[in-house]
Amino acid sequence: PDDRKMVILSAHHEGVRLGSVLMACYGPTAEYFVGAVGLEGRALNAGQFLLWNALREAKRRGCSVFDIGGAHPTKTPAGIFHFKQGLGGTPYALIGEWGAARGFVSRGVALAMKYMI
């Protein structure tokens with residue numbers, strides 16, 4: 001249904017797209033999937049503008065929770081981690097990633113991937 005479709009918000013200034021956000025609402029939760037802002041958008045604080053409007057849209061749709069995704073002290077880029085901490089949300093941790101590898105090659109690839117990330 002229309003009220004369950006993903007939402008794309010875009011910011012424009014003088015005919016130039018500054019950035020966009022993709023989010024979804026389900027039940028009481030809105031989830032921020034991805035946002036992208038170009039150099040012009042950063043100069044005009046389009047990221048904050050988009051996030052504020054995503055929050056407003058989530059509230060308009062009846063959501064009481066806004067999930068901006070994870071933040072890890074060492075794995076999340078410092079600026080993004082600082083920004084997410086500044087929102088004052090409630091931290092949570094997921095169980096982590098799991099993988100299954102049976103053969104020698106697939107185990108080697110899985111082990112290599114573990115240390116590349």
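**Strands, turns and a pocket**

Okay, let's start with the pocket: β2, β3, α1 (39-43), α2 (46-60) and α3 (78-86) each give at least two residues to the lining of the second largest pocket. Helices here are DSSP runs of H or I, at least four residues, and strands are runs of E, at least two, numbered from the N terminus.

Quick housekeeping. This is a predicted model, so local features need pLDDT of at least 70 and side-chain atom pairs count only at pLDDT 80 or more, while totals for chains, interfaces and linings use all residues. Residues are numbered from 1 along each chain as its sequence is written, and side-chain values use heavy atoms, with hydrogens and water left out.

Back to that pocket. A pocket is an open set of points on a 1 Å grid over the protein atoms alone, where a 1.4 Å probe fits, with protein on both sides within 12 Å along at least five of seven lines; lining residues have an atom within 4 Å of a point. The volume of this one, the second largest, is about 610 Å³, counted as the space filled by probe spheres set on the points, which are joined across faces, edges and corners. It has 21 lining residues, and Y32, G35, G47, I80 and F83 are the closest to its centre. β3 supplies the largest share of the lining, 6 residues.

Now the strands. β2 (residues 16-26) pairs antiparallel with β1 (residues 7-13) over 7 bridges, and β2 also pairs antiparallel with β3 (residues 29-37), over 8 bridges. Pairing takes at least two DSSP bridges. Look at G19 in β2: A11 stands opposite, and in β3 its bridge partner is V37.
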